[in-house]
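Work through the exercises below with the model on screen. Try each task before reading its solution.

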Amino acid sequence: MSEEKTPHEDALDRVLTVEVMRVTERAAVAAARLRGRGDEKAADQAAVDAMRRELNRLAIEGIVVIGEGERDEAPMLYIGEAVGTGGHRVDIALDPLEGTTLCAKDMPNSIATLALANGGALLHAPDVYMQKIAIGPGYPDGLLELDMPPDEVVRRVAREKGVPPAEVTACVLDRPRHTQLIDELRKTGAAVRLISDGDVAGVINTTNPLESGIDLYIGIGAAPEGVLAAAALRCVGGQMQGRLILDNEERRSRAEKMGISDPDKIYTHEEMASGDVYFSATGVTDGNLVRGVRFHPDYIETETIVMRSFHGTVRTIRARHTDFSKFLPA
């Protein structure tokens, strides 16, 4: 009879903490060279190239489950692509440049981000939209539900914080589809922090409301970013629910091919990212989460937040790189 693995035996190698950080550092520096140039595609491609190059140096047997798109849409880092030199089998979720517009316009909160977990631990989500709601740690389990009316969401968060609704701030993507949601949130007296892009950072900011000023995230964003955000919450704490928006036959068919059997299922963050999870985000531009890349005559400075769910460890690492050659394109 086979013995079940202990949590420790099923954990990933702790050296990956440093390795995943290097991956996002390379992508962030590559994109940062194009900050403010107005060319989203060039910045994104530079980050993709740098991230793929570094992933292929890792001693892992990695499969991209959340990537730049499905195979026929993305030339590299596509969903299903194998990366690494061989070793521990892992799932990888990535966004080499979250906030391409933010980078192109040199606006805050553009990051390079990556999540890595045991093989089969990350939700294989198609590149569709996802309805999301998230709060940080310290709240009772099950406080919020995805289909809860916005006014009830605000009232519950305010009650648990011990403040009036006017002292609650919700983060929402600034999109026409959210016009009614924003109106309903504001009718409660709550403030709404609108963001143009970058909903991974938006969700993570709920985990530190004293620093970010954000209490909850709500609305519709991309499903891949939803899985990345869920991976971060698995490491640092909080609650999140998400449901894929599979509103036509083509999207339902794509989801089914990726193993999604229930198109209406509401996923918790533990279901989107289970097992031992690593998460890394390096700043491209300055933001609430991390500082952007600094270029100096003699060195490059990066700031990265790297997390691991196994020990609940969160590290913010400011690194000084004097070897410029490792950041040059191959």
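Domain bounds here come from an automatic or database domain assignment. The model is predicted.

**Exercise 1.** State which residues belong to domain 1 and which to domain 2.

Solution. Start with domain 1: the assignment gives it two segments, 15–120 and 277–327. Then take domain 2, which covers 129–272. Now place the two: their centres, taken over C-alpha atoms, are 23 Å apart. Last, count the contact: domain 1 brings 24 residues and domain 2 brings 21 residues.

**Exercise 2.** Describe the interface of domain 1 and domain 2 by its buried area and its salt bridges.

Solution. Begin with area. The size of an interface is often given as the accessible area lost when the parts come together. Between domain 1 and domain 2, about 1,900 Å² is buried. Carbon and sulfur atoms give 69% of that area. Next, look for salt bridges across the interface: the rule finds zero. Then check polar contacts: two residue pairs count, both at pLDDT 80 or more.

Now turn to the side of domain 1 that touches domain 2. Elements that each supply at least two residues there include strand S3 (88–98), helix H3 (100–104) and strand S13 (300–308). Sort that side by class: 14 residues are nonpolar, six are polar and four are charged.

**Exercise 3.** Compare the radius of gyration of the chain with that of a compact globule.

Solution. Take the length: 330 residues. A compact globule of that length would have a radius of gyration near 20 Å. The chain has 19 Å, so the two agree. Add the spans of the C-alpha trace along its principal axes: about 60 × 55 × 40 Å. Finally, list the secondary structure of the chain: ten helices and 14 strands.

Key. Residues numbered from 1 in each chain as written. Predicted model: local features only at pLDDT ≥ 70, side-chain atom pairs only at ≥ 80, totals over all residues. Heavy atoms only, no water. Contact = heavy atoms within 4.5 Å. Buried area = accessible area lost by both parts, 1.4 Å probe. Salt bridge = Lys/Arg side-chain N within 4 Å of Asp/Glu carboxyl O. Polar contact = N/O pair within 3.5 Å; in protein donor to acceptor, adjacent residues only side chain to side chain. Helix = DSSP H or I, 4+ residues; strand = E, 2+ residues; numbered from the N terminus. Nonpolar A, V, L, I, M, F, W, Y, C, P; charged D, E, K, R; others polar. Rg over C-alpha atoms; globule rule 2.2 N^0.38 Å.
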